[in-house]
Amino acid sequence: MTPQDILLAAISSGIGIVAGWSAHLVATRLGRGRANPLDAARAGADRHAALVESAVDVFDTAVVLVDDGAPRLLAGAAGLAAVAVALGDEGGDIASVLRALCALDPDFRRRLEALMQRGEACAFRASGPGGGVLVEGRSSGAWAWLRLGCVAISHGDAPEAERLRALADMQDDPAWIASADGEAQWVNRAWLEAVGVASLAEARDRGVVLDRAAALLARKATVGGGVERTLCWVNSAHGRKAYCLCATRLDGGGAALWARDVTELENARQELRRQSSASALVLGHIGDAAAMFDAHRRLVFHNLAFVTLWELEPAWLAERPTHAELLDRLRQRRKLPETTDYGRFKSEELTSYQQVEEASETIWRLPAERTLRVVRLPQPNGGLALIFSDITPELRLKSQFNHLIQVQRATLDKLSDAVAVFGADGRLKLHNESFEAFWGIPAGALQNAPYFDDVVELCIPRLHDRQFWRDLKGRITDPDPRARAPWEDELATAERRVVAFQSRPLPDGATLIGFADITATRRLQEALRDREAALAEAEGLKRAFVGSVSYELRTPLTTIIGYSELLERDEEGLAEKERGYIGAIRAAASHLARSINDVLAAAEVDAGETVLEIGDVDIGALLSAAAARSSQEARVARVDVEISIDSDFGLMSGDALRLGQVLDHLIENALRHTSPGGVVSLSAMRAPGEVRLLVADNGRGFPFDVQAHIFDRFSSHNRGGPGLGLALVRALVELHGGWVALESEPGAGATFTCHLPEVAQAPESRPLLI
C-alpha cells in the first residue's frame with residue numbers, strides 16, 4: 001500500500017474510534033452511578049486513539065472537522081505545522097492554513113467553500129513556497145472532514161523540470177508561468193528576448209512585462225479553469241509584433257501562458273481588409289455596375305450603377321440578399337438571359353465561388369436587345385466580386401465600324417488607282433484590288449496584314465528605287481507630324497511607265513498611299529503641247545501672211561482710189577457714163593480697203609496686240625463725227641442719219657478711235673439694210689454705272705435664226721464683205737469692259753445697243769471667237 005492509502009486507513013480507523021468513544025461517553029452519562037462494564041474497552045480505545053495520533057503525525061497529516069462552517073483540528077498537530085510550513089503560513093493554526101491555501105488559487109477557495117457549505121467532495125494538490133500539500137475533503141451527514149498532508153509532487157513518467165525548461169527555451173514564442181494574480185513566476189528565453197531583459201529578476205526590478213493584458217488573461221484562466229485567448233500588439237525588442245495570447249490554469253494554482261507570433265498573419269489580414277476597402281472604393285467610383293458577395297454568398301457591397309442597371313430597391317439590397325436570391329429576383333423581372341433550363345444556369349453562376357484561380361468572363365444577352373459583359377473576380381476570403389458592363393453601345397459602334405470598313409473596302413475596290421492604308425506600326429490595314437494588280441502581287445499575299453518592308457519586297461521588281469521606299473516608310477512610321485506631311489510626286493517604273501503617287505496622313509494615325517498610272521495622260525499632254533506649238537506657229541504664219549497680203553493690197557488700192565478721185569474731178573474730159581464707171585471703181589476700191597482694215601484689226605485682236613488708249617471722250621462729238629463720216633454713203637443710199645442726244649450729255653472714259661470704229665461699222669450695217677427714204681438714228685443714254693450708245697434703223701431687220709449668230713466672225717448674212725464688221729464691234733466693246741446687244745423684229749428695223757462702263761480700263765485684248 002502507498003503511504004496515502006495507509007494514511008487514509010488510519011484516519012478512517014481514528015474517525016471510527018472517535019465515533020465509538022463519543023457513544024461511550026453518552027452511555028456513561030446516562031448510566032452514571034451504575035457500574036461501568038466497559039472500562040477495559042475504554043482503555044483499549046485510548047490506546048487506539050494514541051496510535052491513530054501517532055500515525056497521523058508520522059505521515060505529516062492533519063484531520064480537520066468542519067462543523068457548521070467552522071473548521072476544527074481533530075488530529076495531526078504536527079502534520080498541520082508541516083502543512084503550514086509548506087504553504088508559507090506563519091500563523092500555524094487551522095484557520096490561517098486554510099486562508100493561505102485559498103490565497104494560492106481562487107479555485108481552491110471555491111472548492112473548499114463548496115465542501116463546507118454544500119458538502120461537495122474535493123481532492124486537489126497545491127504547491128506552496130515550501131512544498132506540496134494534498135487536500136482531500138469528504139462529507140458525512142452534517143459534518144465535513146478535511147484531510148491535509150505534505151506530499152512530494154510526483155510527475156509519474158513526465159520529464160523532469162530541467163528538461164521541460166530546456167524544451168520551453170527552444171521555442172521561438174514567449175512562454176511563462178504566472179501566479180494567480182498574473183505575476184510571472186517563470187519565463188522562457190523567448191520571453192526574455194521579447195521584453196529585452198537578461199533575467200526574470202531584472203524584469204521584476206524594472207517592472208517590464210510582455211503585455212498588461214497577459215496578467216488579466218492569467219487571472220481569468222485561474223478563476224475560470226478553461227483556456228483563455230486574446231490578441232494583442234506588443235512593442236517588443238524586435239519591433240511591433242502581434243501575439244495570440246493563450247492561458248490555462250495549472251493544478252496547484254497559477255496559470256501557464258504562451259504567446260504565438262501571428263504578426264505576418266495579422267498583417268496579411270489587415271492588408272486583405274485594406275485591399276477589400278480599396279476594391280470597394282474603386283468599384284464604387286467606376287461607371288460599370290459592381291457587387292461583392294462574401295464567403296456565405298451574401299451581398300456585402302454594391303455601387304450606384306448596380307442599382308441603376310438592375311432597377312432594384314435599395315431597401316431590399318440593404319437586407320444583404322444572397323447571390324441565389326438576387327438571381328431569382330432578376331429572373332422574375334426578366335432581366336436575365338433567356339434560357340430553357342434556369343436551374344442549370346443558376347448552378348453554373350454559383351459555381352464561380354469554387355473557382356479561386358483566375359477571373360472569368362461571359363456575355364449575357366438580355367431582352368430588349370441589351371448585351372452585358374459579366375466579369376467574375378474570386379476574392380481571397382472566399383467571396384466573389386461581379387462587374388457588369390453594358391457593351392450594347394460598344395457592339396453597336398463596332399457593327400457600324402465594320403460596316404463602314406466594308407463600305408470603304410468596296411469603294412476602294414471600285415477605284416482604278418492603286419490604294420493602300422498603312423497603320424502607324426507599319427502594318428498594312430487596307431488595300432484594294434487595283435493595288436495588287438498595279439504591282440503584280442500574287443493573290444492572297446497581302447491577307448495576313450504584312451509589314452511595310454514585306455510589301456516593298458513584293459513591289460521592288462517594278463520600282464527599284466529603294467531610297468523612295470525608305471522615304472515613304474518614314475512618312476508612315478515617323479510620329480513627327482512634320483515628317484508625315486502630305487507628299488506627292490511622279491516616278492518612272494522599270495517598265496517605262498509614269499506613276500503618280502501621293503501620301504496623305506489620316507486622323508487615326510494611319511497613312512493612305514495612292515498610285516496611278518499616268519503614262520497615257522503624259523503622252524497626251526506632250527501631244528497637246530506639240531499641237532499647241534504647231535498652232536502657235538501657224539497663227540504666227542497666218543498673222544504674217546495677213547499682214548503681208550494686206551500691205552501688198554493696200555498699196556495698189558490706194559493708187560486706184562487716188563486716180564479714181566482725180567478722174568471724177570475732171571468734168572470736161574470724161575463723159576457722164578465714164579464718170580459713173582470711175583465712181584463705181586472708187587467705191588469698190590474703198591469697200592475693199594475697209595475690208596482689208598477689218599481683217600487687219602481682227603488679226604491684231606487675235607494676236608493680243610490691240611491696246612486701248614483710254615481717255616475722256618465727248619459723246620456728242622463722237623456721234624457727230626461718226627455721222628459726218630457716213631454722210632456721203634447716206635446720200636448715195638438716200639437715207640437720213642439723225643443724232644438724238646442732249647447738249648450737256650458730258651464725257652465718258654474710253655478710246656475715242658476704237659469707239660468711232662464701232663459706230664462706223666454699226667452705221668454702215670444700218671445703211672446697208674435700210675431702204676431709200678429710211679432713217680438711221682444715233683443716240684446715247686446714261687444708266688447706273690454705264691453709258692449706252694444706240695444705233696437704230698427702220699429697215700428690213702433680221703430673222704430670228706440670224707440674230708443668234710449675228711456677231712460671229714465671217715457671217716456676212718447676205719450683206720457683202722467678209723463678215724467681220726459686227727464681230728469686230730463686239731470685240732472692241734468687250735475690250736472696253738462692256739457688251740453689245742441686238743433688238744430686232746423682221747421687217748421692223750433693228751437697234752444695236754453698246755453697253756459701256758463710265759470708267760473704262762484697258763484690259764488685254766481678247767480674240768473675236770465666242
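A polar contact here is a pair of N or O atoms within 3.5 Å; inside a protein, one of the two has to be able to donate a hydrogen and the other to accept it. That is the yardstick for the capping contact in the view of helix H18 and for the other polar pairs below. Everything shown comes from a predicted model.

**Figure 1. The whole chain, before zooming in.**
Of the chain's 770 residues, 40% count as buried. The fold is built from 25 helices and 27 strands. Take the contacts with a separation of 6 or more: 50% of them link residues 24 or more positions apart. On the outside, about 43,200 Å² is exposed, and carbon and sulfur atoms supply 54% of that.

**Figure 2. The largest nonpolar core, with Phe752 in the picture.**
This core holds 43 residues, and Leu666, Leu693, Val695 and Phe752 have the most contacts inside it. Several elements give two or more residues to this core, among them helices H20 (576–607), H21 (619–629), H23 (656–672) and H25 (725–735). Strands E24 (679–687), E25 (690–697), E26 (739–744) and E27 (750–757) also do so. Leaving aside residues up to four places away in sequence, Phe752 touches Leu666, Asn669, Leu693, Leu694, Val695, Phe702, Phe711, Leu726, Ala741 and Leu742. Apart from this core lies another one, of 27 residues, which includes Leu317, Leu326, Tyr342 and Trp364.

**Figure 3. Helix H18 and its buried side.**
How far apart should the ends of H18 be? The helix covers residues 466–477, and twelve residues at 1.5 Å each should span 16 Å; the end C-alpha atoms are 16 Å apart, so the model agrees with that expectation. The buried residues of H18 are Phe468, Trp469, Leu472 and Ile476. These four cover an arc of only 95 degrees around the axis, so they sit on the same side of H18. What do the buried residues of H18 pack against? Their partners are helices H16 (433–439) and H17 (452–459), plus strands E16 (418–422), E18 (487–492), E19 (498–505) and E20 (511–517). At the N-terminal end, Asp465 acts as the cap for H18, with a side-chain oxygen 3.2 Å from the backbone nitrogen of Gln467.

**Figure 4. Ala485, in the loop after H18.**
Ala485 belongs to the loop between H18 and E18. Its relative accessibility is 28%, so Ala485 counts as partly exposed. Ala485 and Ser503 are 18 residues apart in sequence, with 8.2 Å between their C-alpha atoms. Once residues up to four places away in sequence are set aside, Ala485 touches Arg475, Ser503 and Pro505.

**Figure 5. Two loop residues with positive phi.**
Ala449 isn't a glycine, yet its phi is positive, at about 50 degrees. Ala449 is in the loop between H16 and H17, and with a relative accessible area of 25% it is partly exposed. Arg496 isn't a glycine either, and its phi is about 60 degrees, again positive. Look for Arg496 in the loop between E18 and E19. Is Arg496 buried or exposed? At 74% relative accessibility, Arg496 counts as exposed.

**Figure 6. Asn432 and its backbone partners.**
Asn432 is found in the loop between strand E17 (428–431) and H16. Its relative accessibility is 1%; buried means under 20%, so Asn432 counts as buried. Which backbone nitrogens does the Asn432 side chain reach? One is that of Val419, at 3.1 Å. Another is that of Phe435, at 3.0 Å. Not counting residues up to four places away in sequence, Asn432 touches Leu412, Asp413, Leu415, Asp417, Ala418 and Val419.

**Figure 7. Ser179, between two strands.**
Ser179 sits in the loop between strand E6 (175–178) and strand E7 (184–187). With a relative accessibility of 17%, Ser179 counts as buried. Its side chain makes a polar contact of 3.4 Å with the side chain of Gln185. With residues up to four places away in sequence left out, Ser179 touches Gln185 and Gly254.

Methods:
Residues numbered from 1 in each chain as written. Predicted model: local features only at pLDDT ≥ 70, side-chain atom pairs only at ≥ 80, totals over all residues. Heavy atoms only, no water. Buried < 20%, exposed > 50% of the residue type's maximum accessible area, 1.4 Å probe, protein only. Contact = heavy atoms within 4.5 Å. Areas by Shrake-Rupley, 256 points an atom, 1.4 Å probe, with all protein chains shown as cover. Core = buried A, V, L, I, M, F, W, Y, C linked by side-chain atoms within 4.5 Å. Expected span 1.5 Å × (residues − 1). Arc of directions from axis to C-beta.
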